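Student: Please choose one part of this structure and take me through it closely. I should like each term to come with its cut-off.

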Amino acid sequence: AQTWRETLESFPPMKNELLLRAAEGKETERAPVWVMRQAGRYLPEFLAVRKDHSFFECCQTPSIASALTLQPIDRYPALDASIIFCDILVIPQALGMVVTMEPSKGPVLPEPLVDPSHLARLRTNVDVDKELGYLFEAITLTRKGLGGRVPLIGFVGAPWTLMAYMVEGGGSKTFEKSKSWLYKYPEESKALLNRIADVCADLLVGQVLAGVQMLQVFDSWAGELTPHHFQTFSLPSLIHIAKKVHSTLADLGHPGVPITLFAKGVHSPSSLAKLADPAQTGYATLGLDWTLDPVEVREIVGDKVNLQGNFDPVVLY
């Protein structure tokens, strides 16, 4: 197998490093621009591919995932980053759960975790190379296809967000089942979050070794938690991911990459304050949703952490 050094040396030189400089806190001539769901249904060329392939077939076929990642970059030269085409729910799949994508309902997990006895159904040891190696292949293919035009971002869903899907059996408006776990089974919830976090970290490390230059952790449902529950359950697992990624890469002699945390809906000053110091959290950048004022956030978090986001996506319509 190639070493990560050989993989990196095989990629074309970078022409646009605006995003990477911003993530390091350096002054940039303008704000770098990218879109979280960059490939997708708004693109006719994406829909043309999807006519013949199921959603997870697209994720699990490296040539298709790479082509879908490149589509928006080919169409919109103004974009300053690409994000690999995949889905956060590949981690529950790697843990042994069935996940389907239904056109009318979105993601469906037909056998959710109803109570802690169901934790025994999950794989105890996940070999990410075996279960999710298709993602690493897609990343290396994409770095070559990008030709150095823009950096490539890798990602995972956060443990709390993934746990919510795994317990609810899909999306939810109330999160009553997954939040009930936090009240009724706090220790089992923490154990599940840690198990998920370990797989998240391994998957992120693999993405970096395959060629991504920045990482993002999506805690899409973080805003459904009380500040106490976010700080008690979600935050420790988020910090565990970042620290494991940084330490594993350091042990391999890799220079490492910046990690962004997008904890959507987290507005409490006490929670934001706990994300202020990258030396403590491992996250160089915080992604802000469009309901936060970055000036106010900056006053809360100080000047050590970088901020991205806050653009209202409806402007694009």
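Tutor: The buried residues of helix H5 are Pro62, Ile64, Ala65, Ser66, Leu68, Thr69, Leu70, Gln71, Pro72 and Ile73. Buried means a relative accessible area under 20%, exposed means over 50%, and partly exposed lies in between, computed with a 1.4 Å probe on protein chains only. The model is predicted, so local features need pLDDT of at least 70 and side-chain atom pairs count only at pLDDT 80 or more, whereas totals for chains, interfaces and linings use all residues. Residues are numbered from 1 along each chain as its sequence is written, and side-chain values use heavy atoms, with hydrogens and water left out.

Because 10 of the 14 residues of H5 are buried, the helix is largely enclosed by the rest of the structure. Helices (H or I, at least four residues) and strands (E, at least two) are DSSP runs numbered from the N terminus. The buried residues of H5 pack against H3, helix H4 (55-60), S1, helix H7 (128-146) and S4, where contact means heavy atoms within 4.5 Å. H5 covers residues 62-75, and its expected span of 20 Å, at 1.5 Å a residue, agrees with the 20 Å between its end C-alpha atoms; the expected span is 1.5 Å times one less than the number of residues.

Of these partners, H3 (residues 44-50) contains Ala48. Ala48 is partly exposed, at 41% relative accessible area. Its C-alpha atom lies 40 Å from that of Ala120, across 72 residues of sequence.

Strand S4 (residues 152-157), another partner of H5, is mostly covered, with 6 of its 6 residues buried. The cover extends to both faces: Leu152, Gly154 and Val156 are buried on one side, and Ile153, Phe155 and Gly157 on the other. S4 pairs with S1 in the parallel sense over 2 bridges, two strands being paired if DSSP finds at least two bridges between them. In this pairing Ile83 stands opposite Ile153 in S4. S4 also pairs with S5, again in the parallel sense, over 5 bridges, and here Val156 stands opposite Val217 in S5.

These pairings belong to an open sheet of 6 strands in the order S1-S4-S5-S6-S7-S8, with parallel pairing. Strand S1 (82-83) and S8 stand at the edges with a single partner strand each, so one side of each has no neighbour in the sheet. Strand S5 (residues 214-219) is joined to strand S6 (residues 259-263) by 5 bridges, and the two run parallel; the bridge partner of Gln216 in S6 is Thr260. Helix H14 (residues 294-301) packs on the sheet, touching strand S7 (285-288) and S8, and its direction makes about 155° with that of S8. Such axes are lines fitted to C-alpha atoms, for helices over the stretch in contact, and the angles run from 0 to 180 degrees between N-to-C directions. After strand S8 (306-309) comes the segment that holds Asn310. The phi of Asn310 is near 80°, positive although the residue is not glycine, and Asn310 is partly exposed at 24%.

The strands also border empty space. On a 1 Å grid over the protein atoms alone, a cavity is a set of points where a 1.4 Å probe fits but cannot get out, and lining residues have an atom within 4 Å of a point. Grid points are joined across faces, edges and corners, and a volume is the space filled by probe spheres set on the points. By this rule there are 2 cavities of 30 Å³ or more, and the largest has a volume of about 60 Å³. The lining of the largest cavity consists of Leu261, Ala263, Val266, Leu272, Leu275, Leu286, Gly287, Leu288 and Leu292. S6 and S7 each supply at least two of the lining residues, and S7 gives the most, with 3.

One of the lining residues, Val266, is also in contact with Ser271, as are Pro227, Phe230 and Gln231, when neighbours of Ser271 within four places in sequence are left aside. Ser271 lies in helix H12 (residues 269-273) and is buried, at 1%.

Note on methods. 1 Å grid on protein atoms, 1.4 Å probe; cavity = no way out; pocket = protein on both sides within 12 Å on 5 of 7 lines; lining within 4 Å.
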